[in-house]
Every structure is written in structure tokens, then in C-alpha cells.
Amino acid sequence: MRIILAKSVLIGILATLASLALSFAIVPHLGGQVAGAGLIMTIVCPFVISIPASILHLWQADRIRRARTETSEALAKLAIAYEDLKQLSRHDGLTGILNRTAFLDELAALNQKGVSGGLMFLDLDHFKSINDRHGHATGDEALRLMGKLLADCQMGQYDISGRLGGEEFALFQADLTTKALARRCEDVRQAIEAIDLRSASGSRIPLSASIGALVCEAGFDPEDCLKGADEYLYQAKSRGRNQAVASI
């Protein structure tokens with residue numbers, strides 16, 4: 001407010017000086033004289049009128065400026081919040097990797113780009129028994145560690161991983177041949193076995209997964225590929241679990 005008052009007084013002074021300049025420049029040419037009451041009015045009127053008008057104008061302008069700044073800041077925060085919400089809606093809250101819908105969307109996007117690769121459908125073995133024997137907190141930790149492992153497997157630009165629901169996960173790695181996919185499945189299976197999951201008492205809890213996998217050629221259908229990988233996963237489970245079955 002002090003700045004507004006100072007600016008208003010300065011405007012009043014300038015208005016008064018302008019009024020005096022005009023009066024002394026014009027009145028003598030009209031046969032008059034700038035003196036007495038006329039001189040006082042020449043000084044007082046612009047000063048008295050301009051200061052309140054300037055205060056009102058500058059105050060309103062300052063309010064508008066502040067409102068625009070606050071609006072811009074609010075919009076920026078809203079945009080950030082929207083992006084955060086968008087990311088949260090696409091990721092599983094426990095593991096941090098993509099949820100089922102987002103995973104299939106990304107898989108479809110890769111298809112549109114003509115990307116091919118290997119799709120793995122993974123299911124943690126006997127997960128219910130971990131929850132039953134060691135509690136849901138330990139079960140959640142198993143899922144979190146599984147998500148971290150799959151996220152670490154995303155080494156290429158087009159690699160994606162997701163939690164499809166419960167203890168089911170998926171991993172897509174681009175440009176894998178059938179032979180390379182079988183080796184990669186075994187690497188992932190062994191990595192899951194090596195996960196250091198501990199109970200509340202500190203004892204190690206064995207963790208394993210069954211894996212079904214197939215190669216998705218360019219132009220693949222995401223749902224069909226996931227269904228095909230699920231069929232191989234069923235074979236892995238029926239053969240005793242803790243193993244990978246990939247398309248030949």
C-alpha cells in the first residue's frame with residue numbers, strides 16, 4: 001500500500017506540474033493571468049483529483065496482477081497434481097509398476113509402433129500360504145520385492161512390467177527371439193528364487209514363481225498374447241510350479 005500511495009502522490013505532483021505548465025502556456029495568450037484564486041485552483045484541483053483516482057486505479061491494478069499471479073500458480077499446481085494423479089491411476093500402489101489396464105495400454109502402444117518381443121506371465125507360487133503363515137504385511141513385502149525385480153528387468157526403451165492382479169505379474173521385453181526368451185525366463189525365475197524375503201522373526205521365506213511366455217510378433221494382439229502366455233503359465237503350474245514354459 002505504501003508503494004501505491006507513493007506512486008499516487010508522484011502522479012499528483014506530475015499532474016499539478018502539467019496543469020501549471022498548460023496554464024502558463026495558454027492563459028496569457030487568452031489575455032488572462034495565472035494568479036490568485038486561479039493559480040490556487042490550477043495547483044489544488046489536479047492534485048486533489050489525481051491522487052484518489054490514482055490510488056483506486058493502482059489498487060485495482062495491483063489486485064488484478066495478484067489475482068493473475070495466484071491463478072497462474074494455482075493452474076501450475078493443478079497441472080502437477082493432474083500429472084501425479086494420472087501416474088497414480090496407471091501404477092499399482094503397492095509395487096509401483098503398471099496396473100493391468102495401463103500394462104495392456106502400453107502393450108497396445110508397442111504393437112502400434114511395430115515392436116515385437118517376449119511376453120512373460122508370472123504367478124508367485126503358493127502366495128496364499130505366505131499370507132496365512134506370515135501375515136499380510138509379509139505378503140505385501142513379497143509383492144513389493146517382486147515388483148522391484150520386474151522393474152529392474154526393464155532395461156530397454158520398450159520394456160514394460162505390470163501387476164495384473166493379486167500375485168500375477170507380466171513382463172514384456174522387446175526384440176526377444178524364442179530361444180532368447182526361454183533363457184530370459186530362466187534368468188527371471190532364478191532371480192525370483194534369490195529374493196531375500198524375511199519373516200517378522202527374521203527367518204528367510206522361500207519365494208518362487210511359475211512363468212508362461214511366448215514371443216509376440218509385430219502386429220500382435222495384446223489380449224491374445226496375454227491369453228497365450230496364461231496358457232503356458234497353466235502348463236508350468238501343472239508341471240509342479242517354480243518353472244518356466246515358453247512357446248517353441
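What covers the buried residues of helix H4? In this predicted model, the cover includes strand S1 (117-124), helix H5 (136-152) and strand S5 (204-205). The residues concerned are Phe127, Ile130 and Asn131, which are the buried positions of H4 (residues 127-134). Viewed down the helix axis, these buried residues fall within an arc of 95°, so they line one face of H4. The face turned away from the buried side carries Lys128, Asp132 and Arg133, which are exposed.

Both flanks of H4 contain a residue with a positive phi. In the loop between S1 and H4 lies His126, a residue other than glycine whose phi is nevertheless positive, near 50°. His126 is exposed, with a relative accessible area of 51%; the cut-off for this class is over 50%. Just after H4, Gly135 takes a positive phi of about 95°.

The packing of H4 against H5 was examined next. Two packed helices are described by the angle between their axes and the distance between the axes. For H4 and H5 the angle is about 140° and the axes are 7 Å apart. Angles over 145 degrees count as roughly antiparallel and those of 65 to 115 as roughly perpendicular; H4 and H5 are therefore oblique to each other. On the H4 side, the contact is made by Phe127, Ile130, Asn131 and His134, which meet His136, Thr138, Gly139, Ala142 and Leu143 in H5. Of these H5 residues, Thr138 is buried, with a relative accessible area of 8%. Leaving aside residues up to four places away in sequence, Thr138 touches Ile130, Leu197, Arg198 and Ile205.

In soluble globular proteins, nonpolar side chains tend to be buried together. The largest nonpolar core of the model has 30 residues, and those with the most contacts inside it are Met120, Leu122, Leu124, Val188 and Ile192. Two or more residues are contributed by each of S1, H4, H5, strand S3 (168-174), helix H6 (178-193) and strand S6 (209-216). The greatest contribution comes from H5, with 6 residues. The surroundings of Leu122 comprise Met146, Leu150, Glu167, Glu168, Phe169, Ala170, Leu171, Val188, Ile192, Ser210 and Ile211, when residues up to four places away in sequence are not counted. A second core, separate from the first and made up of 21 residues, includes Phe103, Leu119, Ile160 and Leu226.

Strand S2 (residues 160-165) has 5 of its 6 residues buried, so it is largely enclosed by the rest of the structure. S2 and S3 run antiparallel and are joined by 5 bridges. Within this pairing, Gly165 stands opposite Glu168 in S3. The two strands form a hairpin with 2 residues between them, and Gly166 in the turn has a positive phi of about 60°.

A further positive phi occurs beyond the hairpin, in the loop between S3 and H6, where Asp175 is placed. Asp175 is a residue other than glycine, and its phi is near 60°. With a relative accessible area of 63%, Asp175 is exposed.

Terms used: Residues are numbered from 1 along each chain as its sequence is written. This is a predicted model: local features need pLDDT of at least 70, side-chain atom pairs count only at pLDDT 80 or more; totals for chains, interfaces and linings use all residues. Side-chain values use heavy atoms; hydrogens and water are left out. Buried means under 20% relative accessible area, exposed over 50%, partly exposed in between (1.4 Å probe, protein chains only). Helices (H or I, at least four residues) and strands (E, at least two) are DSSP runs, numbered from the N terminus. The arc is that of the directions from the helix axis to the C-beta atoms. Contact means heavy atoms within 4.5 Å. A nonpolar core is a set of buried Ala, Val, Leu, Ile, Met, Phe, Trp, Tyr and Cys residues joined through side-chain atoms within 4.5 Å. Two strands pair if DSSP finds at least two bridges between them. Axes are lines fitted to C-alpha atoms, for helices over the stretch in contact, and angles run from 0 to 180 degrees between N-to-C directions. Angles under 35 degrees count as roughly parallel, over 145 as roughly antiparallel, 65 to 115 as roughly perpendicular and the rest as oblique.
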